[in-house]
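Visitor: I would like a close look at one part of this chain, the disulfide and what lies around it. Please take me through that part in one connected account.

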Amino acid sequence: GVAAAALGAAGAFVQPPAAGAAAPSGRRSALATFGLVAAPAAAELLFESPAHAAPAWTGSYSDPNHPGCKREISVSGTSVKIAGTDGSPGCDRGEAQTPWSLSAALRSADSDEVLIDFSPKGGPKDLVGKWDGSGIRFPDGNKWSKKQ
């Protein structure tokens, strides 16, 4: 792919020794050889996608422990706000709903973990939620799945 193209392009600038001539030696030869070896590696680094993209935390989620209830996350920098409702236990059958809001924080803008303060709902102050590619997994095994 990219490495082969870079190697081919770099090879076009280095001429092989003439027939019967001694192989070149010295700094220039070493640098030319190094350039042929380093160019593909550098090209791979330039064109390779990052190991993991930052999770897209912002959006609506479904919580299997509270079917149909609101779970809405918004992010500004590393500050996270979560707005939701709870029913008894769900919200999809006309149950009375109790609104709530929570504060949370990301360690960095591309963090795959969020630290949520559930104390306003009677839960722990520092609960870690981990992004698993399609939602937020909690230590108790519950997962809020991101809605598309």
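Guide: What follows starts with the disulfide and moves on to the strands and the nonpolar core.

The model is predicted. It contains 1 disulfide, formed by Cys69 and Cys91, whose sulfur atoms lie 1.9 Å apart. That distance falls within the 2.5 Å used as the cut-off for a disulfide. The torsion about the S-S bond of Cys69 and Cys91 is about 90 degrees, so the disulfide is right-handed. The two cysteines are 22 residues apart and link distant parts of the chain. Cys69 sits in the loop between strand 1 (59-62) and strand 2 (71-76), while Cys91 sits in the loop between strand 3 (79-86) and strand 4 (98-106).

Are these cysteines buried or exposed? Cys69 has a relative accessible area of 2%, so this residue is buried. Cys91 has a value of 9% and is buried as well. The cut-off for buried is under 20%. Over the whole chain of 148 residues, 26% count as buried.

The strands on either side of the Cys69 loop pair with each other: strand 1 and strand 2 are antiparallel, with 2 bridges. In one of the bridges, Gly59 is matched with Ile73 of strand 2. Strand 2 is also joined to strand 3, again in the antiparallel sense, by 6 bridges. There, Ser74 has Lys81 of strand 3 as its bridge partner. Strand 2 and strand 3 form a hairpin with 2 residues between them. Gly77, in the turn, has a positive phi of about 70 degrees.

Ile73 leads on to the nonpolar core. The largest such core has 16 residues, and Ile73 is among those with the most contacts inside it, along with Trp57, Ile82, Val114, Ile116, Ile136 and Trp144. Strand 3, strand 4 and strand 5 (113-117) are the elements that each give two or more residues to this core. Strand 4 supplies the largest share, 4 residues.

What does Ile82 touch, leaving out residues up to four places away in sequence? Its contacts include Ile73, Ile116 and Trp144, and these three are also listed among the core residues with the most contacts. Ile82 also touches Glu72, Trp100, Ser101, Leu102 and Ala104.

As for the wider setting, the chain has 2 helices and 8 strands, and both helices precede the strands in the order from the N terminus. Of the contacts with a separation of 6 or more, 37% are between residues 24 or more positions apart.

Technical notes:
Residues numbered from 1 in each chain as written. Predicted model: local features only at pLDDT ≥ 70, side-chain atom pairs only at ≥ 80, totals over all residues. Heavy atoms only, no water. Buried < 20%, exposed > 50% of the residue type's maximum accessible area, 1.4 Å probe, protein only. Contact = heavy atoms within 4.5 Å. Core = buried A, V, L, I, M, F, W, Y, C linked by side-chain atoms within 4.5 Å. Pairing = 2+ DSSP bridges.
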